Amino acid sequence: MYTLKNIKKPIVFVPMSADLFHHGHINILLKAKRYGSVVVGLMTDLGIKSYKKRKPLIKFKNRKQILDQLKCVDKTIPINGLQYVKYAKYYKFEYFVHGDDWRKNVQSKERLALIKIMKQWKGRVLEFKYTQDISSSKIKKKMKNNGSSNRINT
């Protein structure tokens with residue numbers, strides 16, 4: 001695990017893959033920033049593969065480089081898959097931020113366990129609506145259907 005000793009509290013943890021970074025990612029990071037210091041748990045390449053069953057398009061070190069340049073991100077740490085409870089127990093984040101799509105997908109069980117565990121130290125799970133009409137999956141699908149040379153109007 002990585003040290004967060006120099007990060008001012010409250011700490012707001014935001015896990016993400018950030019493969020094909022877009023304005024929806026910025027929106028959730030800006031919302032998270034309202035609650036405190038933002039620590040992004042960036043999925044490693046193997047972490048993404050563990051639950052998305054594919055490798056990311058952009059390697060971890062390059063995705064991290066992008067996030068590290070954002071003034072709304074205070075620190076970026078690697079996470080290896082959907083181990084949110086493990087990281088929450090270790091760091092005792094005051095807030096854990098996620099888009100609301102995880103209620104009904106592969107992350108739903110981890111979500112329920114996380115909500116339960118964070119109550120032990122009065123931590124809160126905050127769920128924000130996804131930015132409408134944008135996702136990395138939609139971008140990839142449009143690129144596949146339209147050819148990568150076409151502009152994506154999202």
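Hi everyone, let's start with one residue: Lys92 is partly exposed, because its relative accessible area is 39%, and partly exposed covers the range between 20% and 50%. Keep in mind that this is a predicted model.

So where does Lys92 sit? You'll find Lys92 in the loop that runs between α4, residues 84-91, and β4, residues 95-99.

Now, what does Lys92 touch? Leaving aside residues up to four places away in sequence, Lys92 touches Tyr87 and Trp121. Trp121 is 29 residues away from Lys92 along the sequence, yet their C-alpha atoms are 7.2 Å apart in space. There is also a link back to Lys89: the side chain of Lys92 reaches the backbone oxygen of Lys89 at 2.8 Å.

Lys89 takes us on to helix α4 and its neighbour. α4 packs with helix α5, residues 108-118, at an angle of about 15°, and the two axes are 9 Å apart. Angles under 35 degrees count as roughly parallel, and α4 and α5 are therefore roughly parallel to each other. Their crossing is right-handed.

Which residues make that contact? From α4 we have Tyr84, Val85, Ala88 and Lys89, and from α5 we have Glu110, Ala113, Leu114, Ile117 and Met118. If you sort the residues of this contact by type, you get 7 nonpolar, 2 charged and no polar.

To recap, please look at Lys89 once more on your screens: Lys89 is one of the α4 residues in the contact with α5, and its backbone oxygen is reached by the side chain of Lys92. Thanks for listening!

Terms used: Residues numbered from 1 in each chain as written. Predicted model: local features only at pLDDT ≥ 70, side-chain atom pairs only at ≥ 80, totals over all residues. Heavy atoms only, no water. Helix = DSSP H or I, 4+ residues; strand = E, 2+ residues; numbered from the N terminus. Buried < 20%, exposed > 50% of the residue type's maximum accessible area, 1.4 Å probe, protein only. Contact = heavy atoms within 4.5 Å. Polar contact = N/O pair within 3.5 Å; in protein donor to acceptor, adjacent residues only side chain to side chain. Axes fitted to C-alpha atoms, helices over the stretch in contact; angles between N-to-C directions. Parallel < 35°, antiparallel > 145°, perpendicular 65-115°, else oblique. Left-handed = near helix turned anticlockwise from the far one by under 90°. Nonpolar A, V, L, I, M, F, W, Y, C, P; charged D, E, K, R; others polar.
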